Amino acid sequence: MEQNNALARKFNAASLLRFALPNIAMMMLLSMYTIVDGMFISRFAGTTALSAINMSYPLNCLQMATGIMLGTGGSAIIARRQGEGRTDEARRNFTMLIAVALGIGLIFAVFGNLFLNPILRLLGTSELQWADCRIYTRIQLVFAPMLFLQTAFQTLFVTAGKPGLGLLTSVGGGITNVVLDWLFMGPMNMGVAGATCLGYCVPSIVGLVYFTKNRTGSLYFVPFKFDGATLAAACGNGSSEMVSNIANAITTFVFNTLFMRYRGEDGVAAITIAMYFQFVFTAVYFGFSMGVAPVISYKFGEKNISQLRHIFRICMTFVLACSLGTYVLSWLTLEPALTLFTPRGSSVYEIAMHGFPIYAVSFLLMGTSIFASSLFTALSDGLVSAIISFSRTLVFLVAMLLLLPLIFQETGIWLAVPVAEALGVMVSVFFLVKGRKKYQY
(Lines give C-alpha, C1' and ligand atoms only; values in the text may rest on other atoms or scores of the structure.)
Protein backbone atom coordinates (compact mmCIF):
# COMPACT_ATOMS: atom_id res chain seq x y z
CA MET A 1 0.00 0.00 0.00
CA GLU A 2 1.43 3.40 -0.99
CA GLN A 3 1.55 5.78 1.92
CA ASN A 4 1.14 8.83 -0.39
CA ASN A 5 -2.06 7.50 -1.94
CA ALA A 6 -5.08 9.25 -0.43
CA LEU A 7 -7.37 6.43 -1.60
CA ALA A 8 -5.68 3.87 0.64
CA ARG A 9 -6.95 5.24 3.96
CA LYS A 10 -10.02 4.05 5.85
CA PHE A 11 -13.09 6.18 5.13
CA ASN A 12 -16.03 7.05 7.37
CA ALA A 13 -19.01 9.27 6.52
CA ALA A 14 -17.25 12.52 7.38
CA SER A 15 -13.99 11.74 5.60
CA LEU A 16 -15.77 10.39 2.50
CA LEU A 17 -17.92 13.52 2.22
CA ARG A 18 -14.86 15.73 2.75
CA PHE A 19 -13.09 13.80 -0.02
CA ALA A 20 -16.06 14.15 -2.41
CA LEU A 21 -16.96 17.74 -1.51
CA PRO A 22 -14.33 19.42 -3.72
CA ASN A 23 -15.55 17.39 -6.68
CA ILE A 24 -19.19 18.35 -5.96
CA ALA A 25 -18.20 22.01 -5.83
CA MET A 26 -16.08 21.57 -8.95
CA MET A 27 -18.94 20.03 -10.93
CA MET A 28 -21.32 22.76 -9.79
CA LEU A 29 -18.83 25.40 -10.90
CA LEU A 30 -18.44 23.67 -14.26
CA SER A 31 -22.22 23.67 -14.68
CA MET A 32 -22.14 27.39 -14.02
CA TYR A 33 -20.08 28.02 -17.18
CA THR A 34 -23.12 27.40 -19.39
CA ILE A 35 -25.52 29.06 -16.95
CA VAL A 36 -23.45 32.24 -16.63
CA ASP A 37 -23.14 32.42 -20.41
CA GLY A 38 -26.92 32.01 -20.65
CA MET A 39 -27.65 34.61 -17.98
CA PHE A 40 -25.44 37.29 -19.56
CA ILE A 41 -26.62 36.47 -23.08
CA SER A 42 -30.28 36.63 -22.02
CA ARG A 43 -29.82 39.96 -20.26
CA PHE A 44 -27.49 41.66 -22.77
CA ALA A 45 -28.57 40.05 -26.07
CA GLY A 46 -32.17 38.92 -25.34
CA THR A 47 -34.07 35.66 -24.92
CA THR A 48 -33.96 34.90 -28.66
CA ALA A 49 -30.17 34.81 -28.38
CA LEU A 50 -30.59 32.55 -25.31
CA SER A 51 -32.66 30.15 -27.39
CA ALA A 52 -29.99 30.34 -30.11
CA ILE A 53 -27.19 29.07 -27.86
CA ASN A 54 -29.37 26.17 -26.72
CA MET A 55 -29.69 25.03 -30.33
CA SER A 56 -25.95 24.28 -30.33
CA TYR A 57 -26.00 22.62 -26.91
CA PRO A 58 -26.28 19.09 -28.39
CA LEU A 59 -22.85 19.58 -29.99
CA ASN A 60 -21.41 20.68 -26.64
CA CYS A 61 -22.97 17.59 -25.04
CA LEU A 62 -21.23 15.38 -27.58
CA GLN A 63 -17.86 16.89 -26.68
CA MET A 64 -18.57 16.54 -22.96
CA ALA A 65 -19.71 12.96 -23.52
CA THR A 66 -16.40 11.95 -25.09
CA GLY A 67 -14.28 13.72 -22.48
CA ILE A 68 -16.26 12.30 -19.56
CA MET A 69 -16.11 8.81 -21.06
CA LEU A 70 -12.30 8.96 -21.14
CA GLY A 71 -12.06 10.56 -17.69
CA THR A 72 -14.47 8.36 -15.73
CA GLY A 73 -13.76 5.13 -17.60
CA GLY A 74 -10.02 5.68 -17.33
CA SER A 75 -10.25 6.71 -13.68
CA ALA A 76 -11.82 3.39 -12.69
CA ILE A 77 -9.04 1.45 -14.42
CA ILE A 78 -6.27 3.64 -13.01
CA ALA A 79 -7.61 3.59 -9.42
CA ARG A 80 -8.14 -0.18 -9.53
CA ARG A 81 -4.58 -0.74 -10.73
CA GLN A 82 -3.31 1.49 -7.95
CA GLY A 83 -5.29 -0.61 -5.47
CA GLU A 84 -3.69 -3.74 -6.97
CA GLY A 85 -0.23 -2.21 -6.53
CA ARG A 86 0.39 -1.70 -10.29
CA THR A 87 1.35 1.96 -9.92
CA ASP A 88 3.74 2.31 -12.88
CA GLU A 89 1.16 0.84 -15.22
CA ALA A 90 -1.46 3.22 -13.81
CA ARG A 91 0.78 6.20 -14.61
CA ARG A 92 1.32 5.05 -18.20
CA ASN A 93 -2.42 4.59 -18.67
CA PHE A 94 -3.07 8.03 -17.19
CA THR A 95 -0.62 9.75 -19.54
CA MET A 96 -2.02 7.99 -22.59
CA LEU A 97 -5.61 8.95 -21.76
CA ILE A 98 -4.71 12.64 -21.39
CA ALA A 99 -2.91 12.54 -24.75
CA VAL A 100 -5.93 10.92 -26.39
CA ALA A 101 -8.30 13.52 -24.83
CA LEU A 102 -6.18 16.36 -26.23
CA GLY A 103 -6.05 14.74 -29.67
CA ILE A 104 -9.83 14.26 -29.85
CA GLY A 105 -10.35 17.87 -28.76
CA LEU A 106 -8.20 19.04 -31.67
CA ILE A 107 -10.27 16.90 -34.07
CA PHE A 108 -13.49 18.54 -32.82
CA ALA A 109 -11.96 22.01 -33.18
CA VAL A 110 -10.84 21.47 -36.78
CA PHE A 111 -13.67 19.43 -38.27
CA GLY A 112 -16.42 21.16 -36.26
CA ASN A 113 -15.47 24.50 -37.76
CA LEU A 114 -15.08 23.05 -41.25
CA PHE A 115 -18.63 21.67 -41.19
CA LEU A 116 -20.23 24.28 -38.93
CA ASN A 117 -23.06 25.38 -41.24
CA PRO A 118 -24.33 21.85 -42.01
CA ILE A 119 -24.17 21.02 -38.28
CA LEU A 120 -26.31 24.04 -37.35
CA ARG A 121 -28.85 23.23 -40.07
CA LEU A 122 -29.02 19.66 -38.77
CA LEU A 123 -29.72 21.00 -35.27
CA GLY A 124 -32.76 22.90 -36.56
CA THR A 125 -31.46 26.44 -36.04
CA SER A 126 -34.03 29.01 -37.22
CA GLU A 127 -33.27 32.13 -39.27
CA LEU A 128 -33.79 34.31 -36.18
CA GLN A 129 -31.27 32.22 -34.24
CA TRP A 130 -28.72 31.62 -37.00
CA ALA A 131 -26.23 34.50 -36.59
CA ASP A 132 -25.97 34.23 -32.80
CA CYS A 133 -25.85 30.44 -32.82
CA ARG A 134 -23.08 30.39 -35.44
CA ILE A 135 -20.84 32.83 -33.56
CA TYR A 136 -21.35 31.10 -30.20
CA THR A 137 -20.76 27.59 -31.57
CA ARG A 138 -17.59 28.61 -33.42
CA ILE A 139 -16.12 29.99 -30.19
CA GLN A 140 -17.03 26.79 -28.33
CA LEU A 141 -15.34 24.64 -30.98
CA VAL A 142 -12.12 26.69 -31.01
CA PHE A 143 -11.71 25.91 -27.31
CA ALA A 144 -12.63 22.20 -27.63
CA PRO A 145 -9.09 20.96 -26.75
CA MET A 146 -9.21 22.92 -23.48
CA LEU A 147 -12.71 21.60 -22.73
CA PHE A 148 -11.51 18.02 -23.24
CA LEU A 149 -8.51 18.48 -20.96
CA GLN A 150 -10.60 20.16 -18.28
CA THR A 151 -13.21 17.38 -18.41
CA ALA A 152 -10.57 14.66 -18.07
CA PHE A 153 -8.64 16.44 -15.31
CA GLN A 154 -11.76 17.11 -13.20
CA THR A 155 -12.03 13.33 -12.62
CA LEU A 156 -8.34 12.47 -12.62
CA PHE A 157 -7.41 15.10 -10.02
CA VAL A 158 -9.60 13.05 -7.65
CA THR A 159 -7.98 9.78 -8.76
CA ALA A 160 -4.61 11.35 -8.01
CA GLY A 161 -5.86 12.12 -4.49
CA LYS A 162 -5.95 15.88 -5.16
CA PRO A 163 -9.64 16.84 -5.22
CA GLY A 164 -8.82 20.17 -3.56
CA LEU A 165 -6.56 21.16 -6.45
CA GLY A 166 -9.34 20.31 -8.88
CA LEU A 167 -11.68 22.56 -6.92
CA LEU A 168 -9.23 25.47 -6.82
CA THR A 169 -8.65 25.33 -10.57
CA SER A 170 -12.38 25.18 -11.20
CA VAL A 171 -12.92 28.22 -8.96
CA GLY A 172 -10.22 30.05 -10.90
CA GLY A 173 -11.78 29.05 -14.20
CA GLY A 174 -15.26 30.00 -13.01
CA ILE A 175 -14.18 33.46 -11.83
CA THR A 176 -12.35 34.01 -15.12
CA ASN A 177 -15.48 33.03 -17.06
CA VAL A 178 -17.82 35.30 -15.07
CA VAL A 179 -15.54 38.35 -15.19
CA LEU A 180 -14.82 38.05 -18.90
CA ASP A 181 -18.45 37.31 -19.78
CA TRP A 182 -19.47 40.51 -18.00
CA LEU A 183 -16.64 42.51 -19.57
CA PHE A 184 -17.10 41.28 -23.14
CA MET A 185 -20.91 41.25 -23.22
CA GLY A 186 -21.45 44.28 -20.98
CA PRO A 187 -19.05 47.22 -21.33
CA MET A 188 -17.52 45.94 -24.59
CA ASN A 189 -20.96 45.17 -26.11
CA MET A 190 -19.79 42.08 -28.02
CA GLY A 191 -23.10 40.16 -27.75
CA VAL A 192 -22.85 36.36 -27.90
CA ALA A 193 -19.31 36.73 -29.29
CA GLY A 194 -18.36 37.80 -25.78
CA ALA A 195 -19.34 34.42 -24.29
CA THR A 196 -15.80 33.48 -23.39
CA CYS A 197 -14.40 29.97 -23.04
CA LEU A 198 -11.14 31.17 -21.51
CA GLY A 199 -12.26 29.73 -18.18
CA TYR A 200 -11.61 26.25 -19.63
CA CYS A 201 -7.93 27.11 -19.91
CA VAL A 202 -7.30 27.51 -16.16
CA PRO A 203 -7.84 23.88 -15.01
CA SER A 204 -6.37 22.58 -18.30
CA ILE A 205 -3.09 24.47 -18.01
CA VAL A 206 -2.79 23.85 -14.25
CA GLY A 207 -3.36 20.13 -14.83
CA LEU A 208 -0.71 19.95 -17.56
CA VAL A 209 1.83 21.79 -15.41
CA TYR A 210 1.03 19.89 -12.20
CA PHE A 211 1.22 16.41 -13.67
CA THR A 212 4.41 17.32 -15.56
CA LYS A 213 6.29 18.90 -12.65
CA ASN A 214 5.04 17.00 -9.58
CA ARG A 215 6.90 13.69 -9.30
CA THR A 216 6.02 12.82 -5.72
CA GLY A 217 2.29 12.12 -6.05
CA SER A 218 0.57 8.91 -7.05
CA LEU A 219 0.03 10.08 -10.66
CA TYR A 220 2.20 12.08 -13.05
CA PHE A 221 3.12 12.05 -16.74
CA VAL A 222 5.55 9.33 -17.84
CA PRO A 223 6.68 7.96 -21.22
CA PHE A 224 4.03 5.62 -22.64
CA LYS A 225 3.21 3.42 -25.59
CA PHE A 226 -0.26 3.49 -27.10
CA ASP A 227 -2.31 0.74 -25.46
CA GLY A 228 -5.40 0.06 -27.55
CA ALA A 229 -6.74 -2.54 -25.13
CA THR A 230 -6.66 -0.14 -22.17
CA LEU A 231 -8.19 2.66 -24.25
CA ALA A 232 -10.98 0.33 -25.39
CA ALA A 233 -11.54 -0.78 -21.79
CA ALA A 234 -11.69 2.85 -20.61
CA CYS A 235 -14.16 3.74 -23.37
CA GLY A 236 -16.28 0.69 -22.64
CA ASN A 237 -16.21 1.33 -18.92
CA GLY A 238 -17.05 5.00 -19.33
CA SER A 239 -19.64 4.35 -22.00
CA SER A 240 -22.52 4.91 -19.57
CA GLU A 241 -21.35 8.44 -18.86
CA MET A 242 -20.91 8.98 -22.59
CA VAL A 243 -24.39 7.61 -23.24
CA SER A 244 -25.79 9.97 -20.61
CA ASN A 245 -24.32 13.02 -22.31
CA ILE A 246 -25.17 11.88 -25.83
CA ALA A 247 -28.69 11.35 -24.54
CA ASN A 248 -28.63 14.95 -23.29
CA ALA A 249 -27.70 16.02 -26.82
CA ILE A 250 -30.54 14.02 -28.37
CA THR A 251 -33.16 15.01 -25.82
CA THR A 252 -32.16 18.68 -26.01
CA PHE A 253 -32.65 18.46 -29.78
CA VAL A 254 -36.10 16.87 -29.26
CA PHE A 255 -37.02 19.47 -26.60
CA ASN A 256 -35.97 22.28 -28.92
CA THR A 257 -37.94 20.83 -31.83
CA LEU A 258 -41.11 20.35 -29.76
CA PHE A 259 -41.00 23.79 -28.15
CA MET A 260 -40.31 25.45 -31.49
CA ARG A 261 -43.50 23.77 -32.70
CA TYR A 262 -45.65 24.77 -29.70
CA ARG A 263 -44.14 28.08 -28.51
CA GLY A 264 -41.41 29.15 -30.94
CA GLU A 265 -38.16 30.76 -29.74
CA ASP A 266 -39.78 31.78 -26.40
CA GLY A 267 -40.54 28.12 -25.66
CA VAL A 268 -36.94 27.12 -26.36
CA ALA A 269 -35.74 29.91 -24.05
CA ALA A 270 -38.08 28.67 -21.28
CA ILE A 271 -36.90 25.06 -21.44
CA THR A 272 -33.30 26.35 -21.55
CA ILE A 273 -33.82 28.08 -18.19
CA ALA A 274 -35.45 24.95 -16.71
CA MET A 275 -32.48 22.90 -17.87
CA TYR A 276 -30.14 25.29 -16.08
CA PHE A 277 -31.76 24.24 -12.79
CA GLN A 278 -31.17 20.63 -13.80
CA PHE A 279 -27.51 21.36 -14.61
CA VAL A 280 -26.89 22.62 -11.07
CA PHE A 281 -28.73 19.82 -9.27
CA THR A 282 -27.36 16.97 -11.40
CA ALA A 283 -23.92 18.49 -10.84
CA VAL A 284 -24.32 17.64 -7.15
CA TYR A 285 -25.03 13.99 -7.95
CA PHE A 286 -22.41 13.70 -10.68
CA GLY A 287 -19.84 15.50 -8.53
CA PHE A 288 -20.48 13.25 -5.54
CA SER A 289 -20.57 10.08 -7.65
CA MET A 290 -17.39 10.97 -9.51
CA GLY A 291 -15.76 12.01 -6.23
CA VAL A 292 -16.39 8.68 -4.50
CA ALA A 293 -15.88 6.50 -7.61
CA PRO A 294 -12.06 6.29 -7.32
CA VAL A 295 -12.46 5.30 -3.65
CA ILE A 296 -14.90 2.54 -4.61
CA SER A 297 -12.60 1.36 -7.42
CA TYR A 298 -9.59 1.30 -5.09
CA LYS A 299 -11.40 -0.61 -2.33
CA PHE A 300 -12.78 -3.03 -4.93
CA GLY A 301 -9.29 -3.62 -6.33
CA GLU A 302 -7.97 -4.02 -2.77
CA LYS A 303 -10.84 -6.49 -2.01
CA ASN A 304 -11.70 -4.51 1.13
CA ILE A 305 -15.33 -5.67 1.39
CA SER A 306 -16.12 -4.10 4.77
CA GLN A 307 -15.09 -0.64 3.52
CA LEU A 308 -16.96 -1.17 0.27
CA ARG A 309 -20.21 -1.91 2.12
CA HIS A 310 -19.78 1.00 4.51
CA ILE A 311 -19.10 3.42 1.64
CA PHE A 312 -22.16 2.18 -0.27
CA ARG A 313 -24.45 2.85 2.73
CA ILE A 314 -23.03 6.35 3.15
CA CYS A 315 -23.53 7.08 -0.53
CA MET A 316 -27.15 5.97 -0.63
CA THR A 317 -27.97 8.04 2.47
CA PHE A 318 -26.37 11.11 0.93
CA VAL A 319 -28.14 10.68 -2.42
CA LEU A 320 -31.60 10.25 -0.87
CA ALA A 321 -31.13 13.26 1.43
CA CYS A 322 -29.96 15.41 -1.48
CA SER A 323 -32.92 14.32 -3.59
CA LEU A 324 -35.33 15.85 -1.12
CA GLY A 325 -33.13 18.90 -0.57
CA THR A 326 -32.78 19.79 -4.26
CA TYR A 327 -36.52 19.47 -4.83
CA VAL A 328 -37.30 21.86 -1.97
CA LEU A 329 -34.54 24.26 -3.06
CA SER A 330 -35.87 24.37 -6.62
CA TRP A 331 -39.23 25.65 -5.33
CA LEU A 332 -37.62 28.25 -3.06
CA THR A 333 -35.37 29.68 -5.77
CA LEU A 334 -37.58 29.41 -8.87
CA GLU A 335 -39.00 32.95 -9.10
CA PRO A 336 -35.83 34.90 -8.21
CA ALA A 337 -33.77 32.66 -10.52
CA LEU A 338 -36.16 33.19 -13.43
CA THR A 339 -35.88 36.96 -13.14
CA LEU A 340 -32.10 36.70 -13.68
CA PHE A 341 -32.89 35.62 -17.24
CA THR A 342 -36.16 37.29 -18.16
CA PRO A 343 -38.45 39.98 -16.65
CA ARG A 344 -41.41 38.90 -14.50
CA GLY A 345 -44.55 38.71 -16.65
CA SER A 346 -42.74 38.11 -19.95
CA SER A 347 -43.81 35.29 -22.27
CA VAL A 348 -40.71 33.24 -21.40
CA TYR A 349 -41.38 33.77 -17.67
CA GLU A 350 -45.00 32.60 -17.94
CA ILE A 351 -44.10 29.51 -19.98
CA ALA A 352 -41.43 28.48 -17.46
CA MET A 353 -43.69 29.13 -14.46
CA HIS A 354 -46.36 26.89 -15.99
CA GLY A 355 -44.10 23.95 -16.75
CA PHE A 356 -41.41 24.00 -14.09
CA PRO A 357 -43.48 22.60 -11.16
CA ILE A 358 -44.07 19.48 -13.27
CA TYR A 359 -40.46 19.29 -14.43
CA ALA A 360 -39.12 19.72 -10.87
CA VAL A 361 -40.53 16.36 -9.69
CA SER A 362 -37.60 14.78 -11.55
CA PHE A 363 -35.21 16.27 -8.97
CA LEU A 364 -36.63 13.82 -6.40
CA LEU A 365 -35.71 10.85 -8.59
CA MET A 366 -32.60 11.41 -10.69
CA GLY A 367 -29.96 11.08 -7.95
CA THR A 368 -30.46 7.34 -7.42
CA SER A 369 -29.96 6.51 -11.10
CA ILE A 370 -26.93 8.79 -11.49
CA PHE A 371 -25.19 7.20 -8.50
CA ALA A 372 -26.14 3.65 -9.53
CA SER A 373 -24.65 4.17 -13.00
CA SER A 374 -21.46 5.65 -11.54
CA LEU A 375 -21.20 2.82 -8.99
CA PHE A 376 -21.11 0.16 -11.69
CA THR A 377 -18.58 2.18 -13.69
CA ALA A 378 -16.37 2.28 -10.57
CA LEU A 379 -16.75 -1.50 -10.27
CA SER A 380 -15.70 -1.83 -13.95
CA ASP A 381 -19.11 -3.16 -14.93
CA GLY A 382 -19.56 -0.83 -17.88
CA LEU A 383 -22.42 -2.84 -19.37
CA VAL A 384 -24.79 -2.48 -16.40
CA SER A 385 -23.76 1.15 -15.98
CA ALA A 386 -24.56 1.80 -19.64
CA ILE A 387 -27.93 0.03 -19.42
CA ILE A 388 -28.98 2.20 -16.45
CA SER A 389 -27.81 5.39 -18.11
CA PHE A 390 -29.10 4.50 -21.59
CA SER A 391 -32.57 3.51 -20.39
CA ARG A 392 -32.99 6.54 -18.11
CA THR A 393 -31.59 9.33 -20.25
CA LEU A 394 -32.40 8.15 -23.75
CA VAL A 395 -34.89 5.31 -24.17
CA PHE A 396 -37.42 6.38 -21.54
CA LEU A 397 -37.05 10.13 -22.06
CA VAL A 398 -37.26 10.11 -25.85
CA ALA A 399 -40.19 7.69 -25.68
CA MET A 400 -42.02 9.96 -23.24
CA LEU A 401 -41.23 13.07 -25.29
CA LEU A 402 -42.73 11.40 -28.35
CA LEU A 403 -45.75 9.93 -26.53
CA LEU A 404 -46.92 12.35 -23.83
CA PRO A 405 -47.30 15.51 -25.99
CA LEU A 406 -49.74 13.54 -28.16
CA ILE A 407 -51.92 13.09 -25.06
CA PHE A 408 -51.30 16.23 -22.99
CA GLN A 409 -50.02 18.70 -25.64
CA GLU A 410 -47.42 21.17 -24.26
CA THR A 411 -47.83 19.89 -20.68
CA GLY A 412 -46.72 16.47 -21.91
CA ILE A 413 -43.29 17.88 -22.81
CA TRP A 414 -42.73 19.00 -19.22
CA LEU A 415 -44.17 15.74 -17.85
CA ALA A 416 -41.82 13.57 -19.91
CA VAL A 417 -38.81 14.17 -17.65
CA PRO A 418 -40.26 13.03 -14.27
CA VAL A 419 -41.97 10.01 -15.87
CA ALA A 420 -38.70 8.95 -17.53
CA GLU A 421 -36.79 9.43 -14.24
CA ALA A 422 -39.34 7.27 -12.37
CA LEU A 423 -38.85 4.45 -14.88
CA GLY A 424 -35.08 4.92 -14.59
CA VAL A 425 -35.22 4.49 -10.81
CA MET A 426 -36.99 1.14 -11.27
CA VAL A 427 -34.19 -0.09 -13.55
CA SER A 428 -31.51 1.21 -11.15
CA VAL A 429 -33.03 -0.45 -8.08
CA PHE A 430 -33.27 -3.74 -9.98
CA PHE A 431 -29.55 -3.74 -10.79
CA LEU A 432 -28.51 -2.45 -7.35
CA VAL A 433 -30.32 -5.36 -5.68
CA LYS A 434 -29.01 -7.85 -8.22
CA GLY A 435 -25.41 -6.59 -7.96
CA ARG A 436 -25.09 -6.90 -4.17
CA LYS A 437 -24.34 -10.61 -4.32
CA LYS A 438 -21.73 -10.25 -7.07
CA TYR A 439 -19.87 -7.19 -5.76
CA GLN A 440 -20.66 -7.55 -2.02
CA TYR A 441 -21.24 -3.82 -1.46
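Begin at the largest pocket, which holds about 350 Å³ of space; as you look at it, keep in mind that this is a predicted model.

**The largest pocket**

To find the middle of this pocket, select Y276, F277, V280, T333 and A337, which lie nearest its centre among the 19 residues of the lining. Then colour three helices, α1 (13-45), α12 (264-302) and α13 (305-341), since each of them supplies at least two residues of that lining. Which helix gives the largest share of the lining of the largest pocket? The answer is α13, from which 8 residues come. If you colour the lining by class, you will find 16 nonpolar residues and 3 polar ones, with no charged residue in the lining of this pocket.

**The largest cavity**

Turn next to the enclosed spaces, of which the structure holds 5 with a volume of 30 Å³ or more. The largest cavity contains about 680 Å³ of space, and to centre the view on it you can select Y57, N245, N248, F279 and T282, the closest to its centre of the 35 residues that line it. Many helices take part here: α1, α3 (57-83), α7, α11 (239-262), α12, α16 (382-408) and α17 (410-439) each supply at least two residues of the lining of the largest cavity. Among these, α11 provides the largest share, with 7 residues. Coloured by class, the lining of the largest cavity shows 18 nonpolar, 14 polar and 3 charged residues.

**The second largest cavity**

The second largest cavity has a volume of about 180 Å³. Select T34, Y57, N60, Y136 and Q140, which lie nearest its centre among its 21 lining residues; the elements that give two or more residues to this lining are α1, α2 (47-55), α3, α6 (127-142) and α12. Y57 is worth keeping selected as you move between the two spaces, for it is listed among the residues closest to the centre of the largest cavity and also among those nearest the centre of the second largest. By class, the lining of the second largest cavity has 10 nonpolar residues, 10 polar residues and 1 charged residue.

**Helices α3 and α6**

Stay with α3 and α6, and show them alone, so that their packing can be followed; two packed helices are described by the angle between their axes and the distance between the axes. The axes of α3 and α6 come within 10 Å and cross at roughly 10 degrees. Because angles under 35 degrees count as roughly parallel, α3 and α6 are roughly parallel to each other. At the place where they meet, select L59, N60 and Q63 in α3 together with T137, Q140 and L141 in α6. The residues of this contact of α3 with α6 divide into 2 nonpolar and 4 polar, with no charged residue.

**S75 and T151**

Follow α3 along to S75, which lies in this helix. Is S75 buried or exposed? With a relative accessible area of 4%, S75 is buried, because buried means under 20% relative accessible area. Leaving aside neighbours within four places in sequence, S75 is in contact with L70, T155, L156, T159 and P294.

Now select T151, which is found in helix α7 (residues 144-159). T151 is also buried, with a relative accessible area of 1%, and, not counting residues up to four places away in sequence, T151 touches M64, G67 and I68.

**Helices α4 and α10**

For a second pair of helices, show α4 (residues 87-114) and α10 (residues 228-237), which pack at an angle of about 70 degrees with their axes 11 Å apart. That angle makes α4 roughly perpendicular to α10. Select N93, M96, L97 and V100 in α4, which meet T230, L231 and A234 in α10. The residues of the contact of α4 with α10 comprise 5 nonpolar and 2 polar, and no charged residue is among them.

**M353**

End the tour at M353 in helix α14 (residues 347-359). At 23% relative accessibility, M353 counts as partly exposed. Leaving aside its neighbours within four places in sequence, M353 is in contact with L334, E335 and L338. Finally, draw a distance from M353 to A274, which is 79 residues away along the chain, and you will find their C-alpha atoms separated by 9.5 Å.

Key
Residues are numbered from 1 along each chain as its sequence is written. This is a predicted model: local features need pLDDT of at least 70, side-chain atom pairs count only at pLDDT 80 or more; totals for chains, interfaces and linings use all residues. Side-chain values use heavy atoms; hydrogens and water are left out. Helices (H or I, at least four residues) and strands (E, at least two) are DSSP runs, numbered from the N terminus. Buried means under 20% relative accessible area, exposed over 50%, partly exposed in between (1.4 Å probe, protein chains only). Contact means heavy atoms within 4.5 Å. On a 1 Å grid over the protein atoms alone, a cavity is a set of points where a 1.4 Å probe fits but cannot get out, and a pocket is an open set with protein on both sides within 12 Å along at least five of seven lines; lining residues have an atom within 4 Å of a point. Grid points are joined across faces, edges and corners, and a volume is the space filled by probe spheres set on the points. Ala, Val, Leu, Ile, Met, Phe, Trp, Tyr, Cys and Pro count as nonpolar, Asp, Glu, Lys and Arg as charged, and the others, Gly among them, as polar. Axes are lines fitted to C-alpha atoms, for helices over the stretch in contact, and angles run from 0 to 180 degrees between N-to-C directions. Angles under 35 degrees count as roughly parallel, over 145 as roughly antiparallel, 65 to 115 as roughly perpendicular and the rest as oblique.
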